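Welcome! Please take a moment with the sequence and the model below, and then let us walk through them together.

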There are 2 protein chains.
Amino acid sequence: MGDKRTSSGFLLKQRAFLKLYMITMTEQDRLYGLKLLDALRDEFRPFGYKPNHSEVYKALHDLIEDGVLQQVKRKKEGMKLQEVVYYRFPDGGYEKAQLYKRQLKVELERCESMIKKAIRDNYGYVESATNP
Amino acid sequence: MGDKRTSSGFLLKQRAFLKLYMITMTEQDRLYGLKLLDALRDEFRPFGYKPNHSEVYKALHDLIEDGVLQQVKRKKEGMKLQEVVYYRFPDGGYEKAQLYKRQLKVELERCESMIKKAIRDNYGYVESATNP
DNA sequence: CGATGAACAGCATGTTCATCC
DNA sequence: GGATGAACATGCTGTTCATCG
């Protein structure tokens, strides 16, 4: 309630997309902000998607507000003794993360369906399972 | 050049999506604005996507500016003699439309790939080709 | 009330600036 | 220069208002 504005329900927003990746990346390697960004840029370079640092930070801050992530300031390994911000799940955060991931899965599949439909509708494809 | 702002290259925008549908719908049935909207809403209801009338009009106006569509004001069939705006391709418009469609196909496939990748990356799916 | 538009408003996101090491 | 943030600017898009028949 209290929403001033409703979404028309088109494709998912970049922010949500990034939050999902932040969670999964936290489950796997422990990384800090800019490294997460680098990793994502590498992954999506072939797709022409190049997120900027602000969006990544905002996604991380969102997750902190949601109680999904927690900051851990540590010295960067080797090099100079610069402090960087790593992330981990606080108490109950992992469960919230899994819930979020479940929701995003539904959302991603919805988007995939919509895009497939658009390809079908506009280019007359009929997903042949028996193509030579 | 002259772009004040660059896209990070995330998913395609609703406007482009609608423009594509407007073109295809113009190739098929001749419809006017609000009927196009109704048709789209019907099609995408199962997906929870409900475009609003402004976006549809803006998409149509964009296509007119692009020289892809042309307005044809006609009396609405039956009923009262209210004038509605139908659309057709002006000279050279059909070719421009086909070009746009070709571009959007690439874009839609790019988005599909990104979404599939996200599902793989975050849920560890491996597209089984042998599912019952 | 249906249809078409345009003005307006709010939110998503890209760019720039500030601070610290 | 790398890293983190916040402020600022722009643009996409949803809501509202105006006009016409």
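**Where protein meets DNA**

In this predicted model, a phosphate oxygen of DNA strand D lies 2.3 Å from an N or O atom in the side chain of Tyr32(A). That is a polar contact, meaning a pair of N or O atoms within 3.5 Å; within protein, one must be able to donate a hydrogen and the other to accept it, and residues adjacent in sequence count only if both atoms are side-chain atoms. Next to Tyr32(A) in the numbering comes Gly33(A), with a polar backbone atom 3.5 Å from a phosphate oxygen of DNA strand D. Chain B reaches a base instead: an N or O atom in the side chain of Arg5(B) is 2.3 Å from a base oxygen of DNA strand D.

Which elements give two or more residues to the surface near DNA strand D? From chain A they are helix H2 (33-44), helix H3 (53-65) and strand S2 (83-88), and from chain B helix H1 (14-27) and helix H3 (53-65). Helices (H or I, at least four residues) and strands (E, at least two) are DSSP runs, numbered from the N terminus.

Stepping back, 29 residues surround DNA strand D, the closest being Arg5(A), Tyr32(A), Gln82(A), Arg5(B) and Ser54(B). A residue is near a strand if one of its heavy atoms lies within 4 Å of it. Of the atoms of DNA strand D that come within 4 Å of the protein, 62% are from sugar and phosphate.

Now turn to DNA strand C, which is surrounded by 28 residues; Ser54(A), Arg5(B), Ser8(B), Tyr32(B) and Gln71(B) are the closest. Arg5(B) appears here too, with an N or O atom of its side chain 2.4 Å from a base oxygen of DNA strand C. Phosphate oxygens of this strand are found 2.8 Å from an N or O atom in the side chain of Ser8(B) and 2.8 Å from a polar backbone atom of Leu34(B). H1 and H3 of chain A, together with helix H2 (33-44), H3 and strand S2 (83-88) of chain B, each give two or more residues to the surface near DNA strand C.

How do the two protein chains relate? A turn of 180 degrees and a shift of 0.0 Å along the axis lay chain B on chain A with an RMSD of 0.0 Å, by least squares on the C-alpha atoms of residues with pLDDT of at least 70 in both. This is therefore the relation of a two-fold axis. In chain B, the C-alpha nearest the axis belongs to Glu112(B), 3.0 Å away from it. Both copies use the same surface, as 100% of the contact residues of chain B recur in chain A, where contact means heavy atoms within 4.5 Å.

Within chain A there are four helices and two strands, running α-α-α-β-β-α from the N terminus on. Of its 132 residues, 42% are buried (under 20% relative accessible area, with exposed over 50% and partly exposed in between; 1.4 Å probe, protein chains only). H1(A) is mostly covered, with twelve of its 14 residues buried, including Phe17(A), Leu20(A) and Ile23(A). Its cover includes H2, H3, S2 and helix H4 (93-123) of chain A, along with helix H4 (93-123) of chain B.

A note on conventions: residues are numbered from 1 along each chain as its sequence is written, and chains are lettered from A and ligands numbered from 1 in the order in which they are written. Local features need pLDDT of at least 70 and side-chain atom pairs count only at pLDDT 80 or more, while totals for chains, interfaces and linings use all residues; side-chain values use heavy atoms, with hydrogens and water left out.
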